[in-house]
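The report below walks through a single protein chain, from its sheet to its charged pairs and its pocket. Please keep the sequence and the model in view while reading.

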Amino acid sequence: MEFDTKIAVLLRDDLLTWQRLNVTAFLVSGLGSAQPALVGAPYEDGSGVRYLAMFGQPVLVFEGASAVLQAAHSRAVARHLPTAIFTADLFATGNDHDNRAAVRAVATEKLDLVGLAVHGPKNAVDKVLKGARMHP
């Protein structure tokens with residue numbers, strides 16, 4: 001199936017494995033909550049057990065150096081694309097309130113980004129991700 005839009009996650013390439021997984025999970029939750037149309041119908045198995053709905057299209061995961069992430073963030077913001085961010089400061093917080101306070105305390109250009117998720121038209125997302133590579 002061909003999609004007109006793209007969901008992408010960009011991770012800084014120096015993260016530990018557990019950090020990559022944690023950051024990805026947090027980031028896509030932001031897109032799902034802000035873009036309900038991205039979420040498909042709930043699942044049900046052959047025995048009638050129901051499961052939660054998930055995105056109705058693939059999530060592509062990319063990686064890049066800090067400079068690639070900073071540039072992607074600037075391009076996503078300039079294009080007004082729905083974007084979720086995760087900063088290095090969030091590894092030291094333990095709750096949502098402190099997470100938001102940690103982000104609010106830093107000016108946009110000084111954010112120590114370790115990941116971002118973005119959704120939008122395929123060509124716009126591709127331009128945002130310029131310089132990134134698919135996650136291995």
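Which residue in β7 does Phe62 stand opposite? Phe62 stands opposite Met134 in β7. The model is a predicted one, in which local features need pLDDT of at least 70 and side-chain atom pairs count only at pLDDT 80 or more, while totals for chains, interfaces and linings use all residues. Residues are numbered from 1 along each chain as its sequence is written, and side-chain values use heavy atoms, with hydrogens and water left out.

## The sheet and the helix across it

Strands and helices are DSSP runs numbered from the N terminus, with E runs of at least two residues for strands and H or I runs of at least four for helices; two strands pair if DSSP finds at least two bridges between them. On that basis the model contains an open sheet of 5 strands in the order β5-β6-β1-β4-β7, with mixed pairing. Its edge strands, each pairing on one side only, are β5 (83–87) and β7 (133–134).

Starting from the β5 edge, β5 and β6 run antiparallel and are joined by 5 bridges, and the bridge partner of Thr87 in β6 is Leu113. The pairing of β1 with β6 is likewise antiparallel, over 7 bridges, and Val9 stands opposite Ala117 there. At the other edge, strand β4 (residues 59–64) is joined to β7 by 2 bridges, and these two strands run antiparallel.

Helix α2 (residues 66–78) lies across β1 (5–12), β4, β5 and β6 (113–121), and runs at about 40° to β6. For that angle, axes are lines fitted to C-alpha atoms, for helices over the stretch in contact, and angles run from 0 to 180 degrees between N-to-C directions; contact means heavy atoms within 4.5 Å.

Burial is expressed through relative accessible area, where buried means under 20%, exposed over 50% and partly exposed in between, with a 1.4 Å probe and protein chains only. By this criterion β6 is mostly covered, since 8 of its 9 residues are buried. Val9, found in strand β1, counts as buried at 0% relative accessibility. Leaving aside residues up to four places away in sequence, Val9 touches Thr24, Leu27, Val28, Val59, Leu60, Val61, Phe62, Leu116 and Ala117. The C-alpha atoms of Val9 and Thr24 are separated by 6.8 Å, although the two residues are 15 residues apart along the chain.

Ala34, by contrast, is found in helix α1 and counts as exposed at 53% relative accessibility. Its C-alpha atom is separated by 7.9 Å from that of Pro82, with the two residues 48 residues apart along the chain.

## Salt bridges

The structure holds 9 salt bridges, each defined as a side-chain nitrogen of Lys or Arg within 4 Å of a carboxyl oxygen of Asp or Glu. The table lists some of them.

| Acidic residue | Basic residue | Closest N and O atoms |
|---|---|---|
| Glu2 | Lys122 | 2.5 Å |
| Glu63 | Arg20 | 2.8 Å |
| Glu63 | Arg133 | 3.3 Å |

The salt bridge between Glu2 and Lys122 links distant parts of the chain, with Glu2 in the segment before β1 and Lys122 in helix α4 (residues 122–128), 120 residues apart. Glu2 is exposed, with a relative accessible area of 64%, whereas Lys122 counts as partly exposed at 28%.

Glu63 forms a salt bridge with Arg20; because Glu63 lies in strand β4 and Arg20 in helix α1 (residues 17–34), this pair ties together parts that are 43 residues apart in sequence. Both Glu63 and Arg20 are buried. Glu63 also forms a salt bridge with Arg133, a pair that links strand β4 to strand β7 across 70 residues. Glu63 counts as buried at 8% relative accessibility, while Arg133 counts as partly exposed at 41%. Salt bridges that share partners join Asp13, Arg20, Glu63 and Arg133 into one network.

## The largest pocket

About 330 Å³ of space lies in the largest pocket. Of the 13 residues that line this pocket, the closest to its centre are Ile85, Asp96, Asn99, Arg100 and Val103. The elements that give two or more residues to its lining are α1, β5 and α3 (96–104), and the largest share, 5 residues, comes from α3. A pocket here is an open set of points on a 1 Å grid over the protein atoms alone, where a 1.4 Å probe fits and protein lies on both sides within 12 Å along at least five of seven lines; lining residues have an atom within 4 Å of a point. The volume is the space filled by probe spheres set on the points, which are joined across faces, edges and corners.
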